[in-house]
Amino acid sequence: MTINCAIIDDEPLAAGLLKSYAEKTPFLHLIGTYGSALEAMKELRDNPAQLLFLDIQMPELSGIEFAKILPPDTKIIFTTAFQQYAIEGYKVSALDYLMKPISYDDFVKAANKALEWFSAGQKQLASAKDRFMFVKSDYKLIHVSFDEILYIEGLKDYVRIYLTTGDKIMSLMNMKKLEDFLPKPEFLRTHRSYIVHMTKVEQVDRFRIVFGQEYIPISDSYKDDVQQYFDDHTLV
């Protein structure tokens, strides 16, 4: 996968260093280097970048202000010499925050976060379109339709997939890989050990999801996303 990226920094030396880093990183395609957010705004309108290496403290329009008007699918890695901007950076959903002077090692680690994010997004689009997946079980590949999944339970290195037919499939796989692959918000993680097909939920009892005699817990780590899903689908 190749990511189209751009650099926005009003310091020529810093911009030049980042440019050299981007040009030697195989999965990055640098489409432009800009000395201000205003310059970038004009140029990127017709040739948008997927990823921005964005300085924060710049004249006329700061990196934080610029980030707030970007399309939501444009991802940001902030670059700055001022640590106090870190919290503001994460408020605009930055993938990472690099402190100057930036080493190539730190640059690549941040770029790899972007690669993981975009790769996961591509897999979700593909999976949402195809509506099925193949899972390995007992040396076989088994076709599993998304519409047949009730919920998935994590068991250390394995997962158990519960189907509407009553069947269960065991597979050597981790929950994080499944969570990234399955389309959201149709499938949501409700607990470190459970992913639930939300369109199959028929009853919630004391903030536990009920499937027959089984109660699926909703832990504090995931309750905000789950509550938002219920709020979006509840008539009051």
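In β7, Leu 141 is the bridge partner of Lys 136. That pair opens the first of these exercises, and keep in mind as you go that the model is predicted.

**Exercise 1: the β6–β7 hairpin**

Work out how β6 and β7 pair, and what the backbone does at Asp 138.

*Solution.*
- Step 1. Start from the Lys 136 and Leu 141 bridge. The two strands, β6 and β7, run antiparallel to each other and are paired over six bridges.
- Step 2. Look at the turn. Two residues sit between the strands of this hairpin, and Asp 138 is in the loop that joins β6 (132–137) to β7 (140–145).
- Step 3. Check the backbone there. Asp 138 has phi near 55°, a positive value in a residue other than glycine.
- Step 4. Is Asp 138 buried or exposed? Its relative accessibility is 63%, so Asp 138 counts as exposed.

**Exercise 2: another positive phi**

Find where Lys 156 lies, then describe its backbone and its exposure.

*Solution.*
- Step 1. Lys 156 belongs to the loop between β8 (149–155) and β9 (158–163).
- Step 2. Phi of Lys 156 is near 55°, again positive in a residue other than glycine.
- Step 3. With a relative accessible area of 87%, Lys 156 is exposed.
- Step 4. Step over to strand β9, where you'll find Tyr 158. Tyr 158 is partly exposed at 40% relative accessible area, and together with Met 170 and Leu 172 it makes a nonpolar surface patch with about 300 Å² of accessible area.

**Exercise 3: Lys 100 and its acidic partners**

Which salt bridges does Lys 100 form with Asp 9 and Asp 55, and which parts of the chain do they link?

*Solution.*
- Step 1. Recall the basic idea: side chains of opposite charge can pair when their charged atoms come close.
- Step 2. Take Asp 9. Its salt bridge with Lys 100 has the closest N and O atoms 2.8 Å apart. This pair links distant parts of the chain, with Asp 9 in the loop between β1 and α1 and Lys 100 in the loop between β5 and α5, 91 residues apart.
- Step 3. Take Asp 55. Its salt bridge with Lys 100 has the closest N and O atoms 3.5 Å apart. Asp 55 lies in strand β3 and Lys 100 in the β5–α5 loop, so this pair ties together parts that are 45 residues apart in sequence.
- Step 4. Check burial, where the cut-off is under 20% relative accessible area. Asp 55 is at 2% and so counts as buried. Lys 100, at 18%, counts as buried too, and Asp 9 is also buried.
- Step 5. Look next door to Lys 100 along the chain: a cis peptide bond joins Lys 100 and Pro 101, with omega about -5°.

**Exercise 4: a salt bridge between α6 and β11**

Describe the pair formed by Arg 189 and Glu 179.

*Solution.*
- Step 1. Arg 189 and Glu 179 form a salt bridge whose closest N and O atoms are 2.9 Å apart.
- Step 2. Arg 189 is in strand β11 and Glu 179 in helix α6, ten residues apart.
- Step 3. Arg 189 is buried at 12% relative accessible area, and Glu 179 counts as buried at 16%.
- Step 4. Now go back to Lys 100: salt bridges that share partners join Asp 9, Glu 11, Asp 55 and Lys 100 into one network. A search of the whole structure turns up 13 salt bridges.
- Step 5. In the loop between α6 (175–181) and β11 (187–191) you'll meet Pro 185. The peptide bond from Lys 184 to Pro 185 is cis, with omega near 0°.

**Exercise 5: the core and helix α5**

Which element gives the most to the largest nonpolar core?

*Solution.*
- Step 1. That core has 22 residues, and those with the most contacts inside it include Ile 3, Phe 53 and Phe 107.
- Step 2. β1, α1, β2, β3 and α5 each supply at least two of its residues. The biggest giver is α5, with six.
- Step 3. Stay on α5 for Ser 119, which is in this helix (residues 104–130). The side chain of Ser 119 reaches the backbone oxygen of Leu 115 at 2.8 Å.
- Step 4. Ser 119 is partly exposed, at 24% relative accessible area. Ser 119 and Met 1 are 118 residues apart in sequence but 7.5 Å apart in space, C-alpha to C-alpha.

Definitions and conventions. Residues are numbered from 1 along each chain as its sequence is written. This is a predicted model: local features need pLDDT of at least 70, side-chain atom pairs count only at pLDDT 80 or more; totals for chains, interfaces and linings use all residues. Side-chain values use heavy atoms; hydrogens and water are left out. Helices (H or I, at least four residues) and strands (E, at least two) are DSSP runs, numbered from the N terminus. Buried means under 20% relative accessible area, exposed over 50%, partly exposed in between (1.4 Å probe, protein chains only). A polar contact is a pair of N or O atoms within 3.5 Å; within protein, one must be able to donate a hydrogen and the other to accept it, and residues adjacent in sequence count only if both atoms are side-chain atoms. Patches are made of residues with over 30% relative accessible area and no salt bridge: like charges are joined within 9 Å, nonpolar side chains (Val, Leu, Ile, Met, Phe, Trp, Tyr) within 5 Å. Accessible areas come from the Shrake-Rupley method with a 1.4 Å probe; for residues, only the protein chains shown count as cover. A salt bridge is a side-chain nitrogen of Lys or Arg within 4 Å of a carboxyl oxygen of Asp or Glu. A nonpolar core is a set of buried Ala, Val, Leu, Ile, Met, Phe, Trp, Tyr and Cys residues joined through side-chain atoms within 4.5 Å. Two strands pair if DSSP finds at least two bridges between them.
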